[in-house]
Amino acid sequence: MKKQKFGFLLIMAMLLLVISACSGSKEKSDKDTSSKNDSKSDETFTLQAGHSLPEDHPYHLGFLEMAENVEKRTDGRVKIEVFANSEIGAERELTEGMTLGTVDLVVSSTAPVTNFVPELSVLDVPFIFKDRDSAVKVLESDIGEELFDKMNEHGIIGLSWAENGYRHITNGKHPINKPEDLKGLKIRTQENEIHIAAFKELGALPTPMAWTEALTGLQQGVVDAQENPAIVADQFKLYESKQKYMTLTGHVYSVAMYMMSQKAYDKLPEDLAKIVVEEGQKAGSKERDLIIEMEKESIQVLKDNGVEIIEDVDLVPFQEAVKPIYSKVEFQDLLNDIIAAQE
Ligand code: PAF
């Protein structure tokens, strides 16, 4: 009997031990979760932001302001390190990095991002936007929201719409006044199917490559021409890379985006992630204002450095030449919605 009582007591004691061990581990796991969302925690976070342009380009300045505001509002708990000049990857690599979670924040033109989010390619159709104001109106409407939703399906959060500026053609051979002048010209394009198709329609020989390869391509004569906004031509001194002529075709209003990796967002406590998103949402319009301010200045710098600027271009023959692209676009409904929204 005594033996039975002892056995019973032993079992009870063991049960108590197990119960207390379990409740101990529950307490621990509750604590872990609460510290993830605790804004008073001392934990700090560093995010890496990357882009392909120099430190005085609006892409960079937009990020610097975002970084400053985020650091202030989080009492130094979130720092954003900004890497310019493709230091942590060219635009396509940066986009891939966001999907993998190896890059946290990126500002990039849309063209290379279409390789991951094909719906964005509609924004790169030449002459799709009437003008800058119409483009911004479209991007900041439900159409832009839906595109951001599509990006989300690929692990990228669209923070705000920015711009690279109007793309113009530069080359080292001769002035370009009409599409026929592009015949046989080897032109570096972005890695984007629509851009490649458009330059084929215009009679040029498009060679897609990352911007990191474009300068050497121009210097070594692998390509004769390229197309980019005046600020890019100025900041990369393209006149030192044989680019003597710039034709103001403005064939693509080059949309850009401030973006965040979903994986980076998920790593942050909720209150801090909210601040990063809110500040990222402000970066785009600030960046666009800076582009407008700097565009004219850059054209002057190019002129001062001997670039012949072909300003009064009859755009109608260029628009006619690229028209066949419109019926080949995969997302016809989206294309029509964008056109209708500007009527
Ligand atoms: O031509 C490009 O690749 C882009 O316009 C650039 C210069 C990287 C800026 O987004």
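Here are a few exercises on this predicted model, each with a worked solution.

**Exercise 1. Check the length of helix H2 against what its residue count should give.**

Start with the residues: H2 runs over 58–73, which makes 16 of them. Next, take a rise of 1.5 Å a residue, so the expected span is 22 Å. Now look at the end C-alpha atoms, which sit 22 Å apart. The two values agree.

**Exercise 2. Work out which residues of H2 are buried, and look at what comes just after the helix.**

Go along the helix and pick out the residues with under 20% relative accessible area. You should end up with Pro58, Tyr59, His60, Gly62, Phe63, Met66, Ala67 and Val70. For the spacing, recall that an α-helix has 3.6 residues a turn, so residues three or four places apart point the same way. Then step past the end of H2: Asp75 has a positive phi there, about 50°.

**Exercise 3. Find what surrounds the ligand, and how much of the ligand the protein buries.**

First, collect the neighbours: Ser52, Leu53, Tyr59, Glu91, Ser109, Asn164, Arg167, Arg188, Gln190, Trp211, Asn228 and Val232. Then check side-chain N or O atoms against the ligand's oxygens. Arg188 comes to 2.6 Å from one, Tyr59 gives 2.9 Å, and Ser109 gives 3.5 Å. Now for the area: on its own the ligand exposes 290 Å², and the protein buries 98% of that. Finally, ask what kind of space this is; the ligand takes up the largest cavity.

**Exercise 4. Ser52 surrounds the ligand along with other residues; place it in the chain and decide whether it is buried or exposed.**

Ser52 lies in the loop that joins strand E1 (45–50) to H2. Its relative accessibility is 4%, so Ser52 counts as buried. As for side-chain partners, Ser52 makes a polar contact with the side chain of Ser86, at 3.0 Å.

**Exercise 5. Describe helix H7 from its start to just after its end.**

At the start, a side-chain oxygen of Asn192 comes within 2.9 Å of the backbone nitrogen of Ile194. Within the helix (residues 193–201), the buried residues include Ile194, His195, Ile196, Ala198 and Phe199. Just after H7, Gly203 has a positive phi of about 90°.

**Exercise 6. Decide whether Tyr253 is buried or exposed, and see how far Val125 is from it.**

Locate Tyr253 first: it belongs to strand E8 (residues 245–261). With a relative accessibility of 4%, Tyr253 counts as buried. Val125 is 128 residues away along the chain, yet the two C-alpha atoms are separated by 9.1 Å.

Terms used:
Residues numbered from 1 in each chain as written. Predicted model: local features only at pLDDT ≥ 70, side-chain atom pairs only at ≥ 80, totals over all residues. Heavy atoms only, no water. Helix = DSSP H or I, 4+ residues; strand = E, 2+ residues; numbered from the N terminus. Expected span 1.5 Å × (residues − 1). Buried < 20%, exposed > 50% of the residue type's maximum accessible area, 1.4 Å probe, protein only. Near = heavy atom within 4 Å. Polar contact = N/O pair within 3.5 Å; in protein donor to acceptor, adjacent residues only side chain to side chain. Areas by Shrake-Rupley, 256 points an atom, 1.4 Å probe, with all protein chains shown as cover. 1 Å grid on protein atoms, 1.4 Å probe; cavity = no way out; pocket = protein on both sides within 12 Å on 5 of 7 lines; lining within 4 Å. Sits in = over half its atoms within 2 Å of the grid points.
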